[in-house]
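This report looks at how the parts of a predicted model meet, first between two chains and then between two domains. Please view the sequence and the structure together while reading.

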Amino acid sequence: MKNQIFDAGRFSAYFKKYIFEKRSTIIICLGVFLLLPLLFCLGLPYMKGLYSPEQAQNFIVRGNVTDPMWHSELTLFGCMWIIACCFCCDFYSELSKKRERISIFTCPASNFEKYATSFIVFVILFPIALFLLFLFADAIRVWVYGASSEGVSCIHYISPRYLLSFGCDMKYFDMDLYAGSVSPTDKAAMLNFYKTAAAVKFSMCLFGGFLLQALFALGSSVWPKKSGLKTACFLMTFGMVTAILFYWGISTFYGHDFHIEPRDFGISNEMTQVIIWDIVTVCIIIFTWAVSYFRFKEWEIIKRW
Amino acid sequence: MLKVDNCTFSYSRRKKPVLKDFSLEISEGGIYGLLGSNGAGKSTLLYLISGLLTPAAGEVTLNGINTRLRRPETVSEIFIVPEEFDFPSMSLKKFIELNSPFYPKFSYEEMMDHLALFDLTPDLNVNKLSMGQKKKVALSFAMATNTKILILDEPTNGLDIPGKTAFRRFIARGVSDDRIFIISTHQVRDVAQLLDHIIMVDNSKVLFNKSVMEIQHHLKFVETLDRRLIDSALYASNSLGGSALILPNLDGNDTEINLELLFEFAHDDAETLNSVFNK
């Protein structure tokens, strides 16, 4: 008797069916993941003349960033990461039409297997594909400009660690930024500050992306049609209304000078504050995915709301 | 055993329930005809049985398991061919390759036989077929899955005349003692000779639920101009050949069931009709 929640054979059959039926969407996404960075990596150095002998001579390596394109590529990667996370608005796109709903719900795979398939594709495989295709586009940049810019020594493959850390790895921090201008004590304090700032930036990029995935997937389970637009509008409206109500509430009851900090709760260490925010965000992400799953289980072939 | 237990269903809270305290039990194999007026709830009932809709009250169970849970063990035993459906864009061979693993009793040979019966070949792109051809492919696949319950919603819609003839042969081939066919249709003439059991629904209730054998044992269907017979009929309706009558079967001779007339009788006076079977 097969397990009714998860069976490896049944799951792999459903995964194969899903990938094949969604192949055109997947190919388009992969195409975007490759073409956009490729155009950027090939176009920007040409437009800005980054690898011309004059500019290349003036390039100074700071914080192990050995290529002038890295910073720009990192910005593009960050933007593409956010966009890829928002692709989760397509998580339940098959639920947008009644005929497709019939097809999905009559397929003898468990709800968990159907959900897990979409999860693996959108939450795991798409970001991995984005990362690998970005590295591939960068490699093409190095091959093209390496071959055409002789004598230029600042053309290097982008470091995967640099990308994955969203530039927040302290290995890429410019340690000589304040060399000679401040005291060792102040330098240590500044280093600590930048470590914390880097941790905050990394958390926001990574967990912010995961949170966006979960929210857009939840939006897709509620509004399968035009899910991205509806979810984005809802999030912006909800955010604005919450901020306005919060500000109005605080200023009404506590006045405009009200100020609250984590220190007020006994949390003085900044890294501890970052870790606590990360844990809270992860809990919200898990909760959102769980709500999305139970919403999917409740779906019928008619749309009640 | 398939059991619909006091099911109530409404498409919207503001609208009248399509089914109210509806109960039905199907325990043996055979071909069940589900007949009813437009909006009577036939398709709704079929979707409830398939677990595609959630009843507001009651439940539908297959061998004791609620079909709404959509567990693989129940979903793999129920196959529904809806009135309207789409195929994904792929070849028929690929469609079979991707979908057959979910049905443990799927037979590729049977699939090919069914396609041949409908004059179709396996080298087709399922997305580019006409509605009638898609229906034939869907019916062939459905039959080849060898699921315990096969639900067909208006199966002859879109079929050409040879297709309808082939459909009757197709169904007759797939009949077995443990397999349940539920055919919902308005085209009663297309399926009249196939049915083992007639279920009529209207006004969110089961009006009539009897086997063909019982109907033939208790009722007689004649067309006549004989005034005496007309006066003594349980139900009469004007027809081209005189009056179509339903009479009690007193001499024990079976006659061919006039399903349309029987439906009219059930719709107009279900109580009298059912009382004949209680005698």
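A polar contact is a pair of N or O atoms within 3.5 Å; within protein, one must be able to donate a hydrogen and the other to accept it, and residues adjacent in sequence count only if both atoms are side-chain atoms. Across the interface of chain B and chain A the rule finds 12 residue pairs in polar contact, with both residues at pLDDT 80 or more, where pLDDT is the predictor's confidence in each residue, from 0 to 100.

This is a predicted model, in which local features need pLDDT of at least 70 and side-chain atom pairs count only at pLDDT 80 or more, while totals for chains, interfaces and linings use all residues. Residues are numbered from 1 along each chain as its sequence is written, chains are lettered from A and ligands numbered from 1 in the order in which they are written, and side-chain values use heavy atoms, with hydrogens and water left out.

**Chain A and chain B**

Chain A has an average pLDDT of 86, and 92% of its residues score at least 70. Among the elements of chain A (helices, H or I, of at least four residues and strands, E, of at least two, are DSSP runs numbered from the N terminus), the highest mean pLDDT, 95, belongs to helix H1 (residues 8-21) of chain A and the lowest, 78, to helix H3 (residues 53-58) of chain A.

Contact, meaning heavy atoms within 4.5 Å, joins 31 residues of chain B to 27 residues of chain A. Buried area is the accessible area (1.4 Å probe) that two parts lose on being put together, summed over both; between chain B and chain A this area is about 2,500 Å², with 60% given by carbon and sulfur atoms. Of the area that chain B buries against chain A, B:Arg70, B:Pro72 and B:Phe102 supply 26%, more than any other three residues.

Salt bridges, defined by a side-chain nitrogen of Lys or Arg within 4 Å of a carboxyl oxygen of Asp or Glu, number 3 across the interface of chain B and chain A and 18 over all chains. The table lists some of these pairs.

| Salt bridge | Closest N to O distance |
|---|---|
| A:Lys16 and B:Glu97 | 3.0 Å |
| B:Glu260 and B:Arg189 | 3.0 Å |
| A:Asp67 and A:Arg141 | 3.0 Å |

Because A:Asp67 lies in the loop between H3 and helix H4 (70-86) of chain A, and A:Arg141 in helix H6 (residues 111-148) of chain A, the pair ties together parts that are 74 residues apart in sequence.

**The two domains of chain B**

Chain B is divided into domain 1 (2-203) and domain 2 (212-278), with bounds that come from an automatic or database domain assignment. The C-alpha centres of domain 1 of chain B and domain 2 of chain B lie 30 Å apart, and 13 residues of domain 1 of chain B are in contact with 9 residues of domain 2 of chain B. The area buried between domain 1 of chain B and domain 2 of chain B is about 940 Å², 70% of which is given by carbon and sulfur atoms. B:Val188, B:Ile198 and B:Met200 supply 45% of the area that domain 1 of chain B buries against domain 2 of chain B, more than any other three residues.

Polar pairing also occurs here: between domain 1 of chain B and domain 2 of chain B there are 3 residue pairs in polar contact, both residues at pLDDT 80 or more, and the salt-bridge rule finds 1 salt bridge across this interface.
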